[in-house]
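Notebook open, coffee ready. I want to go through this one chain by chain and jot down what I look up.

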Amino acid sequence: MKRKIRNFVITCLLCIPAAVTVFPVLFALSGVFMSGYELKQYLGPVLAGTDGMARWSLIPRIPTLAPLVELLIDSPQFFVMFWNSVKLTLGILAGQLLVGVPAAWGLARFSFPGRKLLYTLYLVLMLMPFQVLMLPQYIVLDRLSLLDTHAGIILPAVFSTFPVFIMYRFFHGIPEAVLEAARIDGADNLQIFLRIGIPLGSAGIVSAMILGFLEYWNLIEQPMTYLKTRALWPLSLFLPEIGLDEAGTGFTAAVMMLIPALLVFLGGQDYLEQGIAAAAVKE
Amino acid sequence: MRRSKLAGMTGMFLVLMILFTVLSRAADSAGIANVTLGRPQNMMIAHEVRGTGRVEQNQERAVITEAGQRVAAVYVNEGQQVEEGELLFELDLDSLKENILAQRQEIRKLELQLQDVSSQESVSEKRRANEQAQAAENYSLSASRASVSLSHAQENLEKAKKELKEYREKEGGSVEDTLAEQELEQVCEECSAAYIQAQQDLHTLQWRIEKAVDDALRQAGQGSASGKLAENALRQGEQEGASAEEPEGEADQVLSDSLAETVPNTQIKTGSAGMGEGSKDPDLDTILTADFEVNISESAALPAQEKTAEMNAESSDIQIDDIIIEEIGLDNNQWNPDTESGGGLPGPGLESDGTENSPAENNTAPPPTQQELDRIEQEVRSQYAADLEAAEQAVADALAEKQKAEAALEDCRQKMLAAHGSQSAEQEQQLIDAVKAAQMAYEDAVIAANEASVTGKRQVETAGLPEAENSTGDIYELDLVQKKRELSRLKKLKKVKGKIKAPVDGIVTGVHVTTGEQTPNGTAVMLADLTKGCRLTAEIPQDQEKYIGRGDLVTVKSGDGKTTLEELPVESIAAKAEDESVRLVTVQIPEGRLQPGTTAELSLTKKSAAYPLCIPLAALYLDEKNQTYVLAVQEINSVLGTEMQAFKVMVTVEDRNDRYAALAQGSINSSQNVIVSSDRPVSEGSRVRVVS
């Protein structure tokens with residue numbers, strides 16, 4: 001009995017931070033079904049400078065689907081940006097698969113002079129924030145005439161060190177005996193990589209992809225820096241263009257933007273946890 | 001399983017996103033206006049002025065005939081074209097003859113009435129003449145009667161004085177007493193003369209006041225002139241009032257002058273018998289003798305009365321103490337002014353200067369109310385109030401002086417009587433009393449003579465007043481002339497057997513007679529005079545007025561399109577009276593081309609000079625400040641890619657017609673494309689799709 005009471009109390013206490021965490025999502029969801037007039041009443045003091053204090057109601061007084069219809073039917077710009085985001089994300093992830101997986105396999109399984117130094121360099125690069133890399137990348141992309149192109153976003157991200165670091169952990173955890181057995185059976189390095197390394201390190205690959213998807217789906221700094229053509233902008237730049245008059249559309253766009261991330265999260269939740277755990281393991 | 005569901009949901013999500021991408025693209029595409037671009041061209045702006053109107057005749061002719069004649073037949077209808085001399089309508093001859101007969105009877109009636117009026121005026125004239133003669137005769141008789149009484153009183157006085165004088169000579173009194181008594185008697189006589197003079201002045205003034213009041217009231221009753229005439233009377237009164245303020249010692253002369261000025265026919269003759277400073281008779285020294293003559297107009301037909309008055313005045317040779325008799329100024333119809341004083345001023349209240357109103361003006365003025373008449377009388381009397389008071393005071397003073405002198409004389413005589421014996425004193429007292437009685441009788445006779453003179457003059461003047469004007473005869477004469485003219489016209493109608501014909505070639509535009517009814521008072525038949533031509537009066541909007549002017553050659557097309565007349569000059573352009581936003585353009589139509597009443601259209605095309613920047617009118621927009629602009633297009637980089645967007649270019653319109661507008665150079669050039677057409681409304685910032 002006491003245990004139940006304790007559990008209940010703990011649950012209640014945990015619900016408080018959980019509610020605080022979930023509130024933005026509920027906030028956005030309720031805004032999808034609010035009319036523009038109601039949104040102005042609630043957010044006017046913040047967004048339009050009207051008198052009073054901003055307030056919010058999670059239950060719309062007059063529920064409406066007008067913002068949803070407006071976004072889906074009358075906002076082709078949203079879909080342009082959506083597909084731009086899809087293009088950038090999938091391009092980056094595909095590139096990381098092609099480049100990052102062999103790199104991680106090589107660092108994890110091959111011994112060569114300077115491996116440790118190279119790995120350390122990877123770690124240092126991973127720790128560098130975008131602000132540090134922005135100017136060098138800009139100069140390089142400019143020299144390569146990749147500014148204001150999606151390739152200018154995709155290529156630098158393809159060579160990101162973070163997925164290599166994640167996958168390195170998983171490839172490094174494959175027992176050497178398994179690989180030795182394959183060699184005895186006559187498998188060469190490529191076959192070992194493709195037939196033994198990728199299957200056994202798939203969890204790491206997937207977790208790196210999921211983490212990468214969540215990062216690049218919300219990519220905002222690089223497009224703002226390197227993309228001038230509005231037609232190339234990803235969905236993350238759609239919301240800053242929304243004003244109070246289109247607040248409903250903004251909430252709807254936020255929810256729509258959340259859906260792919262939510263699906264990916266739900267589908268790769270286990271891998272995500274493994275990936276985060278792998279990233280946290282100390283060498 | 002769970003992952004497969006998630007995969008399915010993800011797939012579904014992507015499919016939905018693809019679907020909505022297509023839908024939103026389609027919806028967006030449907031909302032974009034398809035526009036056509038064009039460049040400004042170098043061309044001329046042609047202004048076409050069009051207006052429709054009706055052809056009207058230049059002149060209308062009204063056929064008018066005598067009103068009240070019965071119509072036997074009407075031969076024309078509205079819109080019918082007639083030739084000169086063509087029969088329009090016909091009058092009933094029987095009715096016409098009856099009307100002529102009735103007109104003759106009316107004329108005869110008027111002639112008889114005119115005769116009656118003439119007869120009445122003659123009788124009235126004679127009656128007035130008799131009344132004037134009667135008044136003059138009465139005046140003459142009363143004057144002679146007063147003269148006789150006065151002479152008798154004077155004789156009795158002299159006789160009493162003579163008896164007293166003889167008695168005293170017989171009694172032999174002291175010389176000193178006698179001289180003292182004579183001096184006192186002389187003083188007493190002077191005082192008596194002064195009293196009589198004062199009485200006479202008072203009566204004269206009272207008569208003059210009444211006369212001035214009558215004149216003012218009569219002139220006020222004659223209409224608007226009353227004010228001026230009353231003012232004249234008042235002014236005259238003021239003048240006389242001023243003259244009355246002269247010193248007392250000059251009263252006689254002043255009064256004489258005043259009367260001489262105010263009464264033009266006055267003649268004053270003084271000292272004709274025993275008068276003057278050199279008179280030896282002491283009793284007569286203070287007596288002023290005046291004879292008078294009354295001139296009566298010959299037109300008054302009063303020769304007998306005139307002779308009587310002259311005979312009485314001359315034969316009596318009266319010595320009247322301080323009497324001044326003035327001739328009476330009467331209306332010129334009754335009295336002729338004396339030639340010697342013809343240039344004198346008219347009498348008070350009767351003056352007729354240039355400011356006097358005409359009878360017509362008098363007729364138009366409203367009659368004065370009783371209140372106004374009272375006010376006028378009050379004003380006139382107030383002008384004389386000071387004079388009257390002074391005259392009354394003079395009478396009272398003269399009377400007091402007279403009584404004082406008489407008392408002194410009485411004391412002197414009582415002393416003289418006391419010196420005599422009682423027998424002789426009683427006898428002398430009787431003689432003295434007789435002298436006093438005679439003296440009083442003489443004074444009464446003088447005053448009575450003066451009153452008779454004043455009363456008689458007033459009666460004569462009253463009889464000479466003009467009668468009110470009577471215009472009945474003149475009105476009858478005017479009516480008679482009018483009736484004769486009407487009869488003449490009726491005779492002319494009868495002569496042409498009541499047939500009314502068209503005076504000119506024309507079109508009947510109005511028929512106001514009906515068979516069996518009487519002809520109206522105005523127009524019987526209205527004709528459009530074809531000999532004077534016709535004109536087209538077309539209406540055009542006011543804003544087109546600047547493109548057409550007098551003398552411009554226009555094309556006129558009849559409403560049915562069958563007749564087109566080219567190069568007709570514009571005769572006039574004027575604003576329509578009922579609507580200021582419409583202008584009436586008048587064009588003369590050549591004779592015989594279009595009939596009055598026809599609808600026609602007027603048109604004129606005027607080309608301007610060449611403008612380098614001309615755009616279709618559909619490309620020109622007007623903002624909320626009534627400023628003109630065009631929409632050009634530019635490429636924009638949007639989320640959807642490169643798009644065309646409209647933007648505003650403000651322009652100045654130099655000229656325009658219903659299709660093109662000429663723009664001023666500067667804001668736009670000939671190489672810039674502007675939106676000239678669109679399949680939906682376009683405004684600044686609209687995304688557009690250029691179709692050509």
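I started with the contacts in chain B, counting those between residues at least 6 apart in sequence: 79% of them join residues at least 24 apart. Note to self: this is a predicted model.

Next I looked up what chain B is built from. I found ten helices and 23 strands in chain B. I also checked burial, and 29% of the 692 residues of chain B count as buried.

**Over to chain A**

How many helices and strands does chain A have? I got 14 helices and zero strands. Reading the elements of chain A from the N terminus on, I just wrote α again and again: α-α-α-α-α-α-α-α-α-α-α-α-α-α.

For burial, I noted that buried residues make up 31% of the 283 residues in chain A. Then I did the contact check here too. Of the contacts in chain A with a separation of 6 or more, 78% are between residues 24 or more positions apart.

**The cores**

A general thing I wrote in the margin: in soluble globular proteins, nonpolar side chains tend to be buried together.

So I went looking for the largest nonpolar core, and it has 54 residues. Which of its members touch the most other members? My list reads Met81(A), Ala104(A), Met167(A) and Tyr168(A). I then looked up which elements supply at least two residues each to this core, and they include α3 (66-74), α4 (76-109), α8 (162-172) and α13 (247-267) of chain A. The top giver is α4(A), with 13 residues. Why does this core lie between domain 1 (2-64) and domain 2 (74-280) of chain A? It lies there because both domains give residues to it.

I zoomed in on one residue, Tyr168(A). Leaving out residues up to four places away in sequence, Tyr168(A) touches Ala104(A), Leu107(A) and Ala108(A). Apart from that core I found another, of 34 residues, and among them are Ala135(B), Ala193(B), Tyr195(B) and Val395(B).

**Where the chains meet**

Last stop: the contacts between the chains. I noted 19 residues of chain B in contact with 20 residues of chain A. On the side of chain B that touches chain A, the elements giving two or more residues are α1 (2-31) and β18 (628-638) of chain B. Which of these gives the most to that side? I wrote down α1(B), with 14 residues. Finally I sorted the residues of that side of chain B by type: ten are nonpolar, six polar and three charged.

How values were computed: Residues are numbered from 1 along each chain as its sequence is written. Chains are lettered from A and ligands numbered from 1 in the order in which they are written. This is a predicted model: local features need pLDDT of at least 70, side-chain atom pairs count only at pLDDT 80 or more; totals for chains, interfaces and linings use all residues. Two residues are in contact if their C-beta atoms, placed from the backbone, lie within 7 Å. Helices (H or I, at least four residues) and strands (E, at least two) are DSSP runs, numbered from the N terminus. Ala, Val, Leu, Ile, Met, Phe, Trp, Tyr, Cys and Pro count as nonpolar, Asp, Glu, Lys and Arg as charged, and the others, Gly among them, as polar. A nonpolar core is a set of buried Ala, Val, Leu, Ile, Met, Phe, Trp, Tyr and Cys residues joined through C-beta atoms within 7 Å. A residue is buried if 20 or more other C-beta atoms lie within 10 Å of its own, exposed if 12 or fewer, and partly exposed in between; C-beta atoms are placed from the backbone. Domain bounds come from an automatic or database domain assignment.
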